[in-house]
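Subject: Structure for you to look at

Hello,

Here is the structure I said I would pass on. Please open it first, then read my notes underneath.

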Amino acid sequence: MLVHELMSAPAVVAPPSLPLPDAAHLMKSRGIRRLPVVDGSRLVGIVTDRDLREALPSKVSSLSPWEATTRLAAVSVQDVMRRSVLTTTPDADARDAAHTLLHHRVGALPVIDDAGTVIGLLTVSDVLRDYARPSDVQNGLEARP
């Protein structure tokens, strides 16, 4: 099986200048936990829900809600994104991609085409969803009631 058969597509991406509150809203509204960051069409990083949580002020912070909101609005995705990103290609073997996810302990791999454009995202959930499918569906047979 190839990556393009499992990946989530199209990928939801963000520019490096996107303010963190906007990134958090985008991720929540789309129900995603990882956001590839692209400059034009080039992948430059990835931001996760964990990165966003770590950037938020602590609940025991001495900042007022107004100060916290003002400071957070001044922080953009490029300030908290991870710049070193493991990737895969649509024609890569899904088992190899799953091994990369497991070995490097990451939750997703951006899928890039020959031009380097992010076209999808392969997540651990995508791999598990395929693994959990009934074997008759995996073999191209319809499940019968």
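The protein chain contains seven helices and four strands. Bear in mind that this is a predicted model. If you walk along the sequence, the elements come in the order α-β-β-α-α-α-α-β-β-α-α.

Some overall values come next. The protein chain has 145 residues, and 34% of them count as buried. Its exposed surface is about 9500 Å², with carbon and sulfur atoms supplying 53% of that area. I also looked at contacts in the protein chain between residues at least 6 apart in sequence: 54% of these join residues at least 24 apart.

Now to the charged side chains. Side chains of opposite charge can pair when their charged atoms come close. How many salt bridges does the structure hold? The count is five, and I describe some of them below.

Helix α2, residues 49–55, is a good place to begin. Arginine 53 pairs with aspartate 49 in a salt bridge, and their closest N and O atoms are 3.5 Å apart. Where do these two residues sit relative to each other in the helix? They are four residues apart, so about one helical turn separates them. Arginine 53 has a relative accessible area of 52%, which means that it is exposed, the cut-off being over 50%. Aspartate 49, at 27% relative accessibility, counts as partly exposed.

Helix α2 also holds the salt bridge between glutamate 54 and arginine 50, with 3.3 Å between the closest N and O atoms. Here too the partners are four residues apart, about one turn of the helix. Glutamate 54 is exposed, its relative accessible area being 55%.

The next pair is in helix α6, which covers residues 124–132. Aspartate 126 forms a salt bridge with arginine 129 there, and the closest N and O atoms are 2.9 Å apart. The two residues are three apart in the sequence, again about one turn of the helix. Is aspartate 126 buried or exposed? Its relative accessible area is 3%, and buried means under 20%, so aspartate 126 is buried. Arginine 129, by contrast, is exposed, with a relative accessible area of 52%.

When you have the model open, you could find helix α2 with its pair arginine 53 and aspartate 49, and then helix α6 with aspartate 126 and arginine 129.

Regards

Conventions: Residues numbered from 1 in each chain as written. Predicted model: local features only at pLDDT ≥ 70, side-chain atom pairs only at ≥ 80, totals over all residues. Heavy atoms only, no water. Buried < 20%, exposed > 50% of the residue type's maximum accessible area, 1.4 Å probe, protein only. Contact = heavy atoms within 4.5 Å. Areas by Shrake-Rupley, 256 points an atom, 1.4 Å probe, with all protein chains shown as cover. Salt bridge = Lys/Arg side-chain N within 4 Å of Asp/Glu carboxyl O.
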